[in-house]
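User: I would like to go through this model term by term and ask what each label rests on. Please set the values against the cut-offs wherever a conclusion depends on them.

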Amino acid sequence: MDGVYVFCSIPNGDLPDLAPIEFEDVKREVYTISYQDAVMVVADMPMQIYHPKKKNLMMHQQVITDVMGKVDSVVPISFGNIFKSREDIVALLKNLYPQLISLFPKIRGKIEVGLKVIGKKQWLESEINKKPGIQKKQKTVREKSEAAGYFDRIELGEMAQDFFKNMQKEVENDIHNALTPIAEAEQINEPIGEKMLLNGAYLVDRKNEALFDQKVNEVYEAWNDKVDFKYTGPWPAYNFINIKLKVEEPS
């Protein structure tokens, strides 16, 4: 049994020709369902729970990327939302209509890019070893027995956490704050892993994309002996849109 899988929403108007996708060796047409000035980009897909496996995520992103290349305002819908019928999609559009009509002009011509800044192990170790309090505490932990050193290890862990928080603040001041004047909006997300010093998302007007790229290159040149950059995009504005959908449970 097929349901209707939702990828994203776009304004009504000159609707683009969209490339089909392949799912489980079956070619699926990507099409649109409209309600007044809003449209959902959808495909008929098996009515099931969609797990975030790599191939499923790539399928979802493939369609949105195709739409982004042809439409100026794209509101992404999170992965894995499938509904029972086209009538349900029309009902969804009616429900979301006020939000969508408000969002379309705000994100017109804008993209999201991501920047993750990861400290190089050798540099982080050299910086943490410069802290006399940490060096002294490390020596104390090594010299004491396991039982006697328990609270010292807790204190050492707290000191290391404070060190990383200070490093994250330094990266925020030097790197993140250098990028925000060019962005329309910005967001710092939780770091992933102990060496990540910045996990930033930036909403950028397409006309400023080259300028933003140039600034990323400039700050990288200033920091490349200390950190690695993971610069990704363009993406739809996932971090700057908050739309909650009720997912249909497969019967």
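Analyst: Let us begin with a surface residue. This is a predicted model, and in it Glu218 has a relative accessibility of 39% and counts as partly exposed.

User: What makes Glu218 partly exposed, and what does its side chain meet in a salt bridge?

Analyst: Buried means under 20% and exposed means over 50%, so at 39% Glu218 falls in between and is called partly exposed. Its side chain meets that of Lys215 in a salt bridge, with 3.1 Å from N to O. Lys215 has a relative accessible area of 25% and is likewise partly exposed, because 25% also lies between the two limits.

User: Why is the contact between Lys215 and Glu218 called a salt bridge, and how are the two residues placed in helix α6?

Analyst: The rule asks for a side-chain nitrogen of Lys or Arg within 4 Å of a carboxyl oxygen of Asp or Glu; the distance between Lys215 and Glu218 is 3.1 Å, so the pair meets the rule. Both belong to helix α6, residues 209-223, and because they are three residues apart they are separated by about one helical turn.

User: How do you know that Lys169 and Glu172 qualify as a salt bridge?

Analyst: Their N to O distance is given as 4.0 Å, and the cut-off is within 4 Å, so the pair is counted as a salt bridge. Lys169 and Glu172 lie in helix α5, residues 150-179, three residues apart, about one turn of the helix. Lys169 at 45% and Glu172 at 23% both count as partly exposed, since each value lies between 20% and 50%.

User: What are the accessibility classes of Asp205 and Lys207, and why?

Analyst: Asp205 has a relative accessible area of 13%, which is under 20%, so it is buried, whereas Lys207 has 65%, which is over 50%, so it is exposed. The two form a salt bridge, with their closest N and O atoms 3.2 Å apart. By the same rule, the count for the model comes to six salt bridges.

User: What makes β8 largely enclosed, and which strands does β8 pair with?

Analyst: Eight of the ten residues of β8 are buried, so the strand is largely enclosed by the rest of the structure. Nine bridges join β8 to β10, and these two strands run antiparallel; Lys110 stands opposite Asp205 in β10. On β11, the pairing with β8 is also antiparallel and covers seven bridges, with Val117 opposite Phe229. Two strands pair if there are at least two bridges between them, so nine bridges for β8 with β10 and seven for β8 with β11 satisfy the criterion.

User: Why are β9 and β11 called edge strands of the sheet?

Analyst: The sheet is open, has four strands in the order β9-β10-β8-β11, and is paired antiparallel. β9, residues 185-188, and β11 each have a single partner strand, so one side of each is left without a neighbour in the sheet. Neighbouring strands of this sheet are turned by 15 degrees against each other on average, direction ignored. The partner of β9 is β10, joined to it by four antiparallel bridges, and Glu186 stands opposite Tyr202 in β10.

User: How is the lining of the largest pocket made up, and which strand gives the most to it?

Analyst: The largest pocket has a volume of about 190 Å³ and is lined by 13 residues, with Glu112, Lys116, Thr232, Trp235 and Asn239 nearest its centre. By class the lining has four nonpolar, six polar and three charged residues. β8, β10 and β11 each supply at least two of the lining residues, and β8 gives the most, with four.

User: What is known of the largest cavity, and which classes of residue line it?

Analyst: A search of the whole structure finds one cavity of 30 Å³ or more, and the volume of the largest is about 90 Å³, which passes that limit. Its lining includes Met68, Lys110, Arg206 and Trp235, and by class it has eight nonpolar, one polar and three charged residues.

User: Why is Ile77 called buried?

Analyst: Its relative accessibility is 1%, which is under 20%, so Ile77 counts as buried. Ile77 is placed in the loop between β6 and β7, and its C-alpha is 7.3 Å from that of Ser9, although the two are 68 residues apart in sequence.

Terms used
Residues numbered from 1 in each chain as written. Predicted model: local features only at pLDDT ≥ 70, side-chain atom pairs only at ≥ 80, totals over all residues. Heavy atoms only, no water. 1 Å grid on protein atoms, 1.4 Å probe; cavity = no way out; pocket = protein on both sides within 12 Å on 5 of 7 lines; lining within 4 Å. Points joined across faces, edges and corners; volume = space filled by probe spheres on them. Nonpolar A, V, L, I, M, F, W, Y, C, P; charged D, E, K, R; others polar. Buried < 20%, exposed > 50% of the residue type's maximum accessible area, 1.4 Å probe, protein only. Axes fitted to C-alpha atoms, helices over the stretch in contact; angles between N-to-C directions.
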